[in-house]
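Colleague: I have a model open and want to learn how to read it. Can we take it feature by feature?

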2 protein chains.
Amino acid sequence: MPRAGLDPDRVVRAAADLVDDVGHDQLTLAAVAAHFDVAVPSLYKHVGGIDDLHGRLAVLAVEELGARLAAAAGGPHAGDEPFRTLARAYRAYAVEHPGRYAATVRAPGPDDVALRAASDAVLSTVLAVLGDLGLTGDDAVDAARAVRSALHGFVTLEAAGGFGLPRDVDRSFTSLVDTLHRGLLA
Amino acid sequence: MPRAGLDPDRVVRAAADLVDDVGHDQLTLAAVAAHFDVAVPSLYKHVGGIDDLHGRLAVLAVEELGARLAAAAGGPHAGDEPFRTLARAYRAYAVEHPGRYAATVRAPGPDDVALRAASDAVLSTVLAVLGDLGLTGDDAVDAARAVRSALHGFVTLEAAGGFGLPRDVDRSFTSLVDTLHRGLLA
DNA sequence: TGACAAGGCTAAGACTATTAGCCACACTGG
DNA sequence: CCAGTGTGGCTAATAGTCTTAGCCTTGTCA
């Protein structure tokens, strides 16, 4: 009975890779266990169950997304505004990691401090970019919600194949970001 | 062994009421069967299984949503623009029927003619409203995607409890609609 | 009235998650 | 260097999910 060398982090990372492959709703303990060539109940030594695994996955994904957004907002903008750079980074993460991205949509429980902290980091990056656009206070909160709604809606519908018409999706995204940008500045 | 008087429509409507109560991802054949006081396999005489039921539920929900939007776009606007009236109707449906609304996010399969028709009806209502704003052709398609993305993102995040800050959600929604409206007109 | 299709049922199999309890490995302290 | 102990695997068992197969009654229609 050799040890497989599991720990919570390895389990969560395996789950993240799995959901990117097969879809967020297809995450099963059986698939994760198979990946490590281990029996399913063994995973319970490292995570609390499927719900706990989903929760840890959400933290991982929101942290990764936050890091990508912070890098995009802080780094060089390739001749473009921070706002557009941020939006592109958001969509890029969702396209590269559809399963992880889907995991980010999860309300933090009352005592889920890790997820709440990761979400706050994302929010503060967005608010910083909006602040450079001159938005503060309640206006900035409204704007952050608008930006997150629009970006989230777009990438979700894109992932679900909800854009039926032949019109190029990249151009529609650019149009969305421009529309938002104009609306926020006016 | 008395007949329960089931038919596909009654099964789907029961499923719709159920998901509005317990959440879209909690739809089970067991719960639907229990509602009719019937054994689970009996449902297979009326629907093809859980996947088929999800598909039929999507059609029902998109049709209902389309009817609500068409009524809002065509009816009296209470002194407001059709665009805002449409947006409010969209959110109202999602708030009143969270489970049904979640079911609407489903890419129509290649031969899913019913869902495709229902989706087209929604799209044409949106395009009609955008046409009155002077948007046509590719611009209108981009605008329709932007509008659907923003509305879908907002109501999804609202339903998921993703708006942590205390700022009033109704006001944020109004702000989102105004921002979009300004951006589309500019 | 009799035949037949439709619509219920039970039984069974393959999945899923979860808990309980066992046992060997690997590390640590004396 | 060896004993003790805790960690991390395991098997077994339970409960829930969907699904198929096949039976049998009900209700309708010729």
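Colleague: Start with the DNA. How far does a backbone N or O atom of Gly5(A) lie from a phosphate oxygen of DNA strand D?

Modeller: One caution before the number: this is a predicted model. The distance is 3.1 Å, from a backbone N or O atom of Gly5(A) to a phosphate oxygen of DNA strand D. The backbone of Ala30(B) also has an N or O atom by a phosphate oxygen of that strand, at 3.4 Å.

Colleague: Which side chain has an N or O atom 3.1 Å from a base oxygen of DNA strand D?

Modeller: That is Lys45(A). Read it against the overall split. Of the atoms of DNA strand D within 4 Å of the protein, 61% are sugar or phosphate, and the rest are base atoms.

Colleague: How many residues surround DNA strand D, and which are the closest?

Modeller: There are 21. The closest are Ser42(A), Arg3(B), Leu29(B), Tyr44(B) and Ile50(B). Sort the surface near this strand by class and you get 13 nonpolar, 5 polar and 3 charged residues.

Colleague: Now the other strand. Which residues come nearest to DNA strand C?

Modeller: Leu29(A), Tyr44(A), Ile50(A), Ser42(B) and His46(B), out of 21 around DNA strand C. Of the atoms of this strand that come within 4 Å of the protein, sugar and phosphate account for 60%. By class, the nearby surface has 13 nonpolar, 5 polar and 3 charged residues.

Colleague: What distances should I look up for DNA strand C?

Modeller: Take three. An N or O atom in the side chain of Ser42(B) is 2.3 Å from a phosphate oxygen of DNA strand C. A polar side-chain atom of Arg3(B) lies 3.0 Å from a sugar or linking oxygen of the strand. A polar backbone atom of Ala30(A) is 3.3 Å from a phosphate oxygen there.

Colleague: Next, the two protein chains. How do I read the relation between copies?

Modeller: Two copies of a chain are related by a rotation about an axis and a shift along it. Here, chain B superposes on chain A after a rotation of 180 degrees, with 0.0 Å of shift along the axis and an RMSD of 0.0 Å. The two copies are therefore related as by a two-fold rotation axis. Both copies use the same surface: 100% of the contact residues of chain B recur in chain A.

Colleague: What is the secondary structure of chain A?

Modeller: Chain A has 8 helices and 0 strands. From the N terminus, the order is α-α-α-α-α-α-α-α. Its C-alpha trace spans about 65 × 40 × 30 Å along the principal axes.

Colleague: What share of chain A is buried?

Modeller: Buried residues make up 45% of its 186 residues. Chain A exposes about 8800 Å², and carbon and sulfur atoms supply 55% of that area. For the fold, look at sequence separation. Of the contacts in chain A with a separation of 6 or more, 65% join residues 24 or more positions apart.

Colleague: Show me single residues. Is His54(A) buried or exposed?

Modeller: His54(A) counts as buried because its relative accessibility is 18%, and the cut-off for buried is under 20%. The residue lies in helix 3 of chain A. Beyond its neighbours within four places in sequence, His54(A) is in contact with His24(A), Leu27(A) and Arg106(A).

Colleague: And which helix holds Thr125(B)?

Modeller: Helix 6 of chain B, residues 113-132. Thr125(B) is buried, with a relative accessible area of 12%. Set aside the neighbours within four places in sequence, and Thr125(B) is in contact with Leu69(B), Ala70(B), Ala73(B) and Leu86(B).

Colleague: Last, backbone angles. What should I look for in phi?

Modeller: Most residues other than glycine have a negative phi. Asp37(A) has a positive phi of about 55 degrees, though it is not a glycine. Asp37(B) also has a positive phi of about 55 degrees.

Colleague: Where does Asp37(A) lie?

Modeller: In the loop between helix 2 (29-36) and helix 3 (50-74) of chain A. Asp37(A) is exposed, with a relative accessible area of 74%. In chain B, Asp37(B) sits in the loop between helix 2 (29-36) and helix 3 (50-74). Asp37(B) is exposed, with a relative accessible area of 71%.

How values were computed: Residues are numbered from 1 along each chain as its sequence is written. Chains are lettered from A and ligands numbered from 1 in the order in which they are written. This is a predicted model: local features need pLDDT of at least 70, side-chain atom pairs count only at pLDDT 80 or more; totals for chains, interfaces and linings use all residues. Side-chain values use heavy atoms; hydrogens and water are left out. A residue is near a molecule or strand if one of its heavy atoms lies within 4 Å of it. A polar contact is a pair of N or O atoms within 3.5 Å; within protein, one must be able to donate a hydrogen and the other to accept it, and residues adjacent in sequence count only if both atoms are side-chain atoms. Ala, Val, Leu, Ile, Met, Phe, Trp, Tyr, Cys and Pro count as nonpolar, Asp, Glu, Lys and Arg as charged, and the others, Gly among them, as polar. Helices (H or I, at least four residues) and strands (E, at least two) are DSSP runs, numbered from the N terminus. Buried means under 20% relative accessible area, exposed over 50%, partly exposed in between (1.4 Å probe, protein chains only). Contact means heavy atoms within 4.5 Å. Accessible areas come from the Shrake-Rupley method with a 1.4 Å probe; for residues, only the protein chains shown count as cover. Copies are superposed by least squares on the C-alpha atoms of residues with pLDDT of at least 70 in both.
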